[in-house]
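User: I should like to go through the reasoning behind the labels used for this structure. Please set each value against its criterion before drawing a conclusion.

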Amino acid sequence: MSPPGPSTNRNRALWRVPVAASRYKKRREKGGQHDSADFKGGSCHVVMDANKGKGDQGIQSSEGQGPDSFHNMESLLPKAVKRRVHALKRLQVQCANIEAKFYEEVHELERKYAVLYQPLYDKRRDVITGTVEPTDEECEWQSDREEEEEDDLAEQLKKKAAVEDKKEDPTPEEDPKGIPEFWLTIFKGVDMLSNMLEEHDEPILKHLKDIQVKYSEPGQPMSFTLEFHFESNPFFNSTVLTKVYRMKSEPESSEPFSFEGPEIIDCEGCPIDWQKGKDVTVKTIKKKQKHKGRGTVRTVTKQVPNDSFFNFFNPIKVAPDGELDEDSELTLATDFEIGHFFRERIVPRAVLYFTGEGLEDDDSFDDEEEMEEGDEEEQDDEDDDEDEGEVDTKA
């Protein structure tokens, strides 16, 4: 079963939320500078050919036309045809409203299956933290046979090294508990997350033991919450840090045709109960001040914001009028992308991002996108060559 509407590569594996971008990106595009993604897919905009005779009103395709072109197209249509086009637009709005209901039901389905996933995620957490040791049967994997020979060779090398180092290190190395630094390894391996990571964040994220996604209750507005569960640590007293993402699934009355599925419209973080002197989101600087009258100099200290992943829990506040400057809009849109990435990719496929297999999967799709863009550029070059050839022939 496929969804009624376009999908994006961002959600290629899970079509249930085809668009989780911000409304601010759309607002910027209203100014006339539209993103090329709005016209991807080889869409042809139909316009009337003014060079044709009155009795032969031909139709030709035009690539990359702006919004004004559509209005011009309608103005060139005969009145009777224009009326019928308006009827089709009304039908399209009705389709968008049905599609919105479709995604509301999909959200309900997500909530239902989240209950079934949770016991598996809880067991994953217990294995990561070392609370539970999986059985031999649970640890069997299809590649184990291939690894046996490698393990035998590695074991022989270990024994040889142990004999040589026995005098220097008489105590054998203990097995680590659980899977150390599981989530930190994921953060460092995924570009989108590593860009948020600072060196002073790493000791804290070593204490991260689980990330969970919680959905809004039935009858409540559509939303999801990211929960970051931490073990007891020397940095803050909080055990769970949360980030709520509010969504909507309804066409805008002013732009009903822009609806492509649910979108995140706002987010809210949480306060962090930092231990004294451990807040990595701020740093203390010293500044010298000179008294204008006496000429004396004094040193004052003050706290200023500091780059940190934990600023993720203190997002930009949206004003009631929804107006933000361009930098704030970009920051908030990126925040929405990250929240959606946690929900759709990181949490469900955590072990694959830990091993790097999830990264390879994502890279393969990026290569396809680059290949498609390259093909388009190559096609454009061929078209240019053909045009040049025609000019040379005429010359």
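User: What makes the contact between Arg-125 and Asp-122 a salt bridge?

Analyst: In this predicted model, the side chains of Arg-125 and Asp-122 meet at 3.5 Å, N to O. The criterion asks for a side-chain nitrogen of Lys or Arg within 4 Å of a carboxyl oxygen of Asp or Glu. The pair meets that criterion and is therefore called a salt bridge. Side chains of opposite charge can pair when their charged atoms come close.

User: Where do Arg-125 and Asp-122 lie, and how many residues apart are they?

Analyst: Both Arg-125 and Asp-122 belong to helix α3, where 3 residues, about one turn of the helix, separate them. An α-helix has 3.6 residues a turn, so residues three or four places apart point the same way.

User: Why are Arg-125 and Asp-122 called partly exposed?

Analyst: The label covers values between the cut-offs for buried, under 20%, and exposed, over 50%. Arg-125 has a relative accessibility of 22%, and Asp-122 has 24%. Each value falls in the intermediate range, so Arg-125 and Asp-122 count as partly exposed.

User: How do you know that Lys-243 and Asp-335 form a salt bridge, and which parts of the chain does the pair link?

Analyst: The closest N and O atoms of Lys-243 and Asp-335 are 3.0 Å apart, and the limit is 4 Å. The pair links distant parts of the chain, with Lys-243 in strand β5 (residues 240-248) and Asp-335 in helix α9 (residues 326-346), 92 residues apart.

User: Are Lys-243 and Asp-335 buried or exposed?

Analyst: The relative accessible area is 0% for Lys-243 and 10% for Asp-335. Buried means under 20%, so the label applies to Lys-243 and to Asp-335.

User: What makes the pair of Glu-268 and Arg-246 a salt bridge, and which parts does the pair tie together?

Analyst: The N to O distance between the side chains of Glu-268 and Arg-246 is 2.6 Å, and a salt bridge requires it to be within 4 Å. Glu-268 lies in strand β6 (residues 263-268) and Arg-246 in strand β5, so the salt bridge ties together parts 22 residues apart in sequence. Glu-268 is partly exposed at 35% relative accessibility, as is Arg-246 at 32%.

User: How many salt bridges does the structure hold, and which residues are linked in a network?

Analyst: The structure holds 13 salt bridges. Glu-110, Arg-343 and Glu-344 are linked in a network of them.

User: How do you know that the reach of α3 is close to the expected value, and where does α3 bend?

Analyst: Helix α3 has 51 residues and reaches 70 Å from its first C-alpha to its last, against an expected 75 Å at 1.5 Å a residue. A bend of about 35° occurs at Tyr-117, and the proline Pro-119 follows within four residues. Just after α3, Gly-130 adopts a positive phi of about 85°.

User: Which residues make the nonpolar surface patch, and why is Leu-120 called exposed?

Analyst: Leu-109, Tyr-113, Leu-116, Tyr-117 and Leu-120 make a nonpolar surface patch of about 530 Å². Leu-120, which lies in helix α3 (residues 79-129), has 59% relative accessibility. Exposed means over 50%, so Leu-120 earns that label.

User: Why is α9 described as largely enclosed?

Analyst: Of the 21 residues of α9, 15 are buried, so the helix is largely enclosed by the rest of the structure. Phe-336 lies in this helix and counts as buried because its relative accessibility is 0%, under the 20% cut-off. Phe-336 and Glu-263 are 73 residues apart in sequence, and their C-alpha atoms are 9.1 Å apart in space. Helix α9 reaches 28 Å from its first C-alpha to its last, close to the expected 30 Å.

User: What is the sign of phi at Glu-181, and where is Glu-181 found?

Analyst: Phi of Glu-181 is near 55°, a positive value in a residue other than glycine. Glu-181 is found in the loop between α5 (144-165) and α6 (182-189). At 35% relative accessible area, Glu-181 is partly exposed.

User: How many helices and strands are there, and what share of the residues is buried?

Analyst: The protein chain has 11 helices and 8 strands. Buried residues account for 30% of its 395 residues.

Technical notes
Residues are numbered from 1 along each chain as its sequence is written. This is a predicted model: local features need pLDDT of at least 70, side-chain atom pairs count only at pLDDT 80 or more; totals for chains, interfaces and linings use all residues. Side-chain values use heavy atoms; hydrogens and water are left out. Patches are made of residues with over 30% relative accessible area and no salt bridge: like charges are joined within 9 Å, nonpolar side chains (Val, Leu, Ile, Met, Phe, Trp, Tyr) within 5 Å. Accessible areas come from the Shrake-Rupley method with a 1.4 Å probe; for residues, only the protein chains shown count as cover. Helices (H or I, at least four residues) and strands (E, at least two) are DSSP runs, numbered from the N terminus. Buried means under 20% relative accessible area, exposed over 50%, partly exposed in between (1.4 Å probe, protein chains only). The expected span of a helix is 1.5 Å times one less than its number of residues. The bend at a residue is the angle between axes fitted to the seven residues ending there and the seven starting there.
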